[in-house]
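Please examine the sequence and the structure shown here before reading the dialogue.

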2 protein chains.
Amino acid sequence: MAVTLKDLARELGISITTVSRGLAGYDDVAEETQLRIKDTAERLGYQPNLTARRLQKQQTGILGFIMPTFGPRFSDPFFSEFIAGIGNEAANHDFDLLVSTHPPDSDGERKTYQRAVTRAWVDGLIVVRTREEDARIQLLCQHNFPFVAFGRTDDEYDFPFVDEDSEAGMRALVQHFIDLGHRHIAFISPPSGLMFGRYRLKGFQDTMADNGLPVPSGWIVEGDMTQRGGAELTEQILALTPRPTAILAGNDLMALGVMNRLQQHGFTVGEDIAVGGFDDIPLVEHTHPPLTTIHQPIYEIGRRTCDMLIDIINGRSPTNPHVLLTPTLVVRASSGQPIA
Amino acid sequence: MAVTLKDLARELGISITTVSRGLAGYDDVAEETQLRIKDTAERLGYQPNLTARRLQKQQTGILGFIMPTFGPRFSDPFFSEFIAGIGNEAANHDFDLLVSTHPPDSDGERKTYQRAVTRAWVDGLIVVRTREEDARIQLLCQHNFPFVAFGRTDDEYDFPFVDEDSEAGMRALVQHFIDLGHRHIAFISPPSGLMFGRYRLKGFQDTMADNGLPVPSGWIVEGDMTQRGGAELTEQILALTPRPTAILAGNDLMALGVMNRLQQHGFTVGEDIAVGGFDDIPLVEHTHPPLTTIHQPIYEIGRRTCDMLIDIINGRSPTNPHVLLTPTLVVRASSGQPIA
DNA sequence: ATTGACATCCAAAACGTTTTGGTTTATACT
DNA sequence: AGTATAAACCAAAACGTTTTGGATGTCAAT
């Protein structure tokens, strides 16, 4: 079927070795021979077999990305943009990207990470949505397996990561609302256990405290990162007394849910109640009203994470193995005008 | 580093062959020996090297998916859900999923498909967003390479596909608006060249014609599938006379853009102007107002596409190589009450 | 004692590449 | 003439697995 080195060697009447080395451009092959080899390779449409090369080189040329997904009907714009980022960067360096989906902390996820470290499955992994006491990262560190995380963790391992400073982002967001005059602010936090959720929560709590604003119990509720979740929790929040003048969400998807539920109740977002999100997914620039949020350059983060991983795989230690990006506040209409 | 068959053989004092066959459970290995083999394999943590196995079996165990993406900042909920569908199904059959992103009809895309057919890169491909005279499909057919498409094409090749009946879906959508009393309906079509866009456009045109409704020039505009595009084209549409009472978009993302731009202009969607979309991405159930649209079971489509591909790779011809699913109309508030 | 059947094992080849450690031939230097 | 030196080539091993086609030994039937 496919043309192999053996075929070329037979056609040319020389050894497989010489063909291989000729194609690779080694200088122990006469220039003229090299030309002949490359010519016939071209003519016969020779393409090296990747599997054979991998076996010999003991490298797969593949990067792995295991998406932590909830449920089957799953749709998070974060992932398509992130995949585009790592995928393009990987392609630039002649790596392929293997994608696998598993619910967080599931058996399937554990098995897949296990597979990565014990079999020659991929050359390196990209880990996202880091968790508290993240078993994935512990495993990878113990096996000394090449990986880069998007996010930090709270255990003692030292590993390369790219992260955005969620705490700083959240501080900026909260301060913006406080500066607008809001005193009664509710927060829908990301699910506990996720590191970035922890930072965002801390950013919220600290900023409120710094401004001398109490946060009674019930004013922080835990969401599930989905639009539906945001919408449902809005009901709880509307029942609080006094009614919050602003609702912040731990991510944009939940903020969208909040906005829509508020609108269903007849509130005008940005006037009656202000709303803020986090992530700046492309969607929220064009909602009604456009959402005030914290911009995270997801594509760029994907790109840099991937870049760092490839450095590690190739034995170059990255110049800076702990990248912390500062996200920026994007003020749009959903936060409204100064009040009271 | 990793434990190999050779290590096991040495440890057990038997041949590599017997170890291999013992692990595979062949009955020309004594039951007692099998147990000993499996025991030590377990004990030493043996895991077969995937690359070596692939080389021998002449199969990669990998499925390829090349996402047609526009621009770097790319985020389409369609893809995350679709990937989840094919990824999970692939995992169920012990296949991995390789994902690669390239702008449609780009050099990179061509090279990647070329690579798939000439080198042992993946065992099969999943093709989405089929185009008119689709060069990818022509290539794959000519090389007899295993693939399944989500979508049909207009050339003469016979190939396996899963598709939803966009034309029927669009007919249902348009008829719904006509039944509500709308006579002046504008349509933002998907970009020309995409097959599903063609079907959706045809569904629109035919249904209007069937109902004796003229569609003056300017009432069909070509969009780019993005929210931003939908928003911008809304301006053009609002300038039409008479002003449309309904605006339909070729996909949900554009419909969202339309809704938001209309709201910016002070219109109440579903009362002043009705809006309809297509796809039923998870997002639009929770917008304000919720969007009337055509439901496409993307996860399920991904699952079935993948399933069919695996059948083909394994030499089983699929029971039905041309699956056409009928999408369903989902009526929500954005289409409003009957008018006039 | 020979034959056949069966159970159990294994050496070698194969998959397609790259690398190692040469050999051969021609040329230049003493 | 003999000896380095360099240029050009190649056989064999290696990567780790599976498959092919026996080989060996045991036992029962003839």
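The following dialogue concerns the symmetry, the sheet and the DNA surface of this structure.

Tutor: This is a predicted model, in which local features need pLDDT of at least 70, side-chain atom pairs count only at pLDDT 80 or more, and totals for chains, interfaces and linings use all residues. Residues are numbered from 1 along each chain as its sequence is written, chains are lettered from A and ligands numbered from 1 in the order in which they are written, and side-chain values use heavy atoms, with hydrogens and water left out.

Student: Which residue of chain A comes closest to the rotation axis?

Tutor: Copies are superposed by least squares on the C-alpha atoms of residues with pLDDT of at least 70 in both. Chain A falls on chain B after a rotation of 180° with 0.0 Å of shift along the axis, at an RMSD of 0.1 Å. The two copies are therefore related as by a two-fold rotation axis. The C-alpha atom at 2.2 Å from that axis, the closest in chain A, belongs to A:L98.

Student: Which residue stands opposite A:L98?

Tutor: Strands are DSSP runs (E, at least two residues) and helices are runs of H or I with at least four residues, numbered from the N terminus; two strands pair if DSSP finds at least two bridges between them. Strand 2 (residues 96–102) of chain A and strand 2 (residues 96–102) of chain B pair in the antiparallel sense over three bridges. Opposite A:L98, in strand 2 of chain B, stands B:L98.

Student: Which are the edge strands of the sheet?

Tutor: The open sheet has 12 strands with mixed pairing, and its order runs 11(A)-5(A)-4(A)-3(A)-1(A)-2(A)-2(B)-1(B)-3(B)-4(B)-5(B)-11(B). Pairing on one side only marks the edge strands, which are strand 11 (322–325) of chain A and strand 11 (322–325) of chain B.

Student: What share of the atoms of DNA strand D within 4 Å of the protein belongs to sugar or phosphate?

Tutor: A residue is near a strand if one of its heavy atoms lies within 4 Å of it, and there are 25 residues around DNA strand D. They divide into nine nonpolar, 12 polar and four charged residues, where Ala, Val, Leu, Ile, Met, Phe, Trp, Tyr, Cys and Pro count as nonpolar, Asp, Glu, Lys and Arg as charged, and the others, Gly among them, as polar. Of the DNA atoms within 4 Å of the protein, some belong to bases, and the share in sugar or phosphate is 62%.

Student: Which residue has a polar backbone atom 2.7 Å from a phosphate oxygen of DNA strand D?

Tutor: A backbone N or O atom of B:N49 lies 3.1 Å from a phosphate oxygen of DNA strand D. A polar backbone atom of B:A52 is 3.4 Å from a base nitrogen of DNA strand D. The residue at 2.7 Å from a phosphate oxygen is B:L5.

Notes
Polar contact = N/O pair within 3.5 Å; in protein donor to acceptor, adjacent residues only side chain to side chain.
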